[in-house]
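Please open the structure in your viewer and keep the sequence panel beside it, so that each stop can be selected by residue number. The tour moves from one selection to the next and says what is to be found there.

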Amino acid sequence: MKKSFAVYMIMLFAILASIAESPKEKPITTEEKEVHSAYEAINKAMIEKDRAAMERYFDKNLTFTHMSGKKQTREEFIGEIMDGTLNYFKVDTKDYSISVNGDTAHMKVTHTLTAKVYGISGSWTLGGEDTYKRRDGIWIRVE
C-alpha cells in the first residue's frame, strides 16, 4: 500500500510540475500577426534575393550590424545580398515575442540562420530586437 501511494504521489507531483511549467500563451492580436507576417516576408525576400520586397520592408534609414560588428546602410546590405556576397538559405525561428503600441511594434526574436556570408558557410543562432512602424498599412522595419 505504501509503495502504490508513493508512486501515486510521484505521478501527481510530476503532473503538477508539468502544468506549472507549461507556457501560458496569450492571444495574438491582428497587429502582432501583421508584424510577424512582415518579419516572414523579410526573411523570404532575403532568401529569394527580392530587391523590391527588401526595399518595401526596410526603412530607408535602417542600418544593419553584423555579428562581426560591421555596420551597413540599407543599400549596402541589399547590394551585398543581390551580388552574392551575402547568401541566406534558411531562417528557422526558435522563439519570438511581439509587443505593439499604436503604430510601433517591437519584436524580440531568436532564430537560426543558415547562410554563406563573406565566403563562410554555416548556421548561426542569433537573437535580437527589431522595431517596426506601420506606414500606409504595412509594417516597416526601422531598427
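## A tour by selection

Start with tyrosine 118, which at 37% relative accessibility counts as partly exposed. The model is a predicted one. In the model, tyrosine 118 lies in the loop between β4 (104-117) and β5 (120-135), and its phi is near 50°, a positive value in a residue other than glycine. Most residues other than glycine have a negative phi.

Go next to lysine 49, in the loop between α2 (30-48) and α3 (51-57). Its phi is near 55°, again positive although the residue is not glycine, and with a relative accessible area of 27% lysine 49 is partly exposed.

**The sheet.** Now select β3, β4, β5 and β6, and colour each strand separately. In which order do the four strands stand in the sheet? They form an open sheet with the order β3-β4-β5-β6, and the pairing is antiparallel. Because β3 and β6 stand at the edges and each has a single partner strand, one side of each is left without a neighbour in the sheet. If you look along the sheet, you can follow how neighbouring strands are turned against each other by 30° on average, with direction ignored.

Stay with the pair β3 and β4, which run antiparallel and are joined by 14 bridges. To find one place in this pairing, select asparagine 87, which stands opposite lysine 116 in β4. Then add helix α2 to the view: the helix packs on the sheet, where it touches β3, β4, β5 and β6, and its direction makes about 165° with that of β3.

**Salt bridges.** How many salt bridges does a search of the whole structure find? The search finds eight, and three of them are visited here.

Begin with glutamate 34 and arginine 134, whose side chains meet in a salt bridge with an N to O distance of 3.7 Å. Glutamate 34 lies in helix α2 and arginine 134 in strand β5, so this pair ties together parts that are 100 residues apart in sequence. Both ends are partly exposed, since glutamate 34 has a relative accessible area of 31% and arginine 134 has a relative accessibility of 26%.

Move on to arginine 135, which forms a salt bridge with aspartate 59, the closest N and O atoms being 2.5 Å apart. This pair links distant parts of the chain, with arginine 135 in strand β5 and aspartate 59 in the loop between α3 and β1 (63-65), 76 residues apart. Are the two partners buried or partly exposed? Arginine 135 is partly exposed, with a relative accessible area of 37%, whereas aspartate 59 counts as buried at 13%, because buried means under 20% relative accessible area.

The third stop is arginine 141 with aspartate 130, where the side chains meet in a salt bridge of 3.3 Å from N to O. Here the link runs between arginine 141 in strand β6 (residues 138-141) and aspartate 130 in strand β5, which are 11 residues apart. Arginine 141 is buried, with a relative accessible area of 16%, and aspartate 130 is buried as well, at 12%. Before leaving this topic, select Glu34, Asp103 and Arg134 together, for salt bridges that share partners join these residues into one network.

**Around aspartate 59.** Return to aspartate 59 and show what surrounds this residue. Its side chain reaches the backbone nitrogen of asparagine 61 at 2.9 Å. Leaving aside its neighbours within four places in sequence, aspartate 59 is in contact with Arg74, Arg135, Ile140, Arg141 and Val142.

**Helix α4.** The last selection is α4 (residues 74-82), and it is worth asking which residues of this helix are buried. The buried residues are Arg74, Phe77, Ile78, Glu80 and Ile81. They cover an arc of only 160° around the axis, which means that they are on the same side of α4. Show the elements that cover these buried residues, among them α2, α3, β1, β2 (71-73) and β3 (86-101). Finally, follow the chain to glycine 84, which comes just after α4 and takes a positive phi of about 90°.

Notes:
Residues numbered from 1 in each chain as written. Predicted model: local features only at pLDDT ≥ 70, side-chain atom pairs only at ≥ 80, totals over all residues. Heavy atoms only, no water. Helix = DSSP H or I, 4+ residues; strand = E, 2+ residues; numbered from the N terminus. Buried < 20%, exposed > 50% of the residue type's maximum accessible area, 1.4 Å probe, protein only. Salt bridge = Lys/Arg side-chain N within 4 Å of Asp/Glu carboxyl O. Arc of directions from axis to C-beta. Contact = heavy atoms within 4.5 Å. Pairing = 2+ DSSP bridges. Axes fitted to C-alpha atoms, helices over the stretch in contact; angles between N-to-C directions. Polar contact = N/O pair within 3.5 Å; in protein donor to acceptor, adjacent residues only side chain to side chain.
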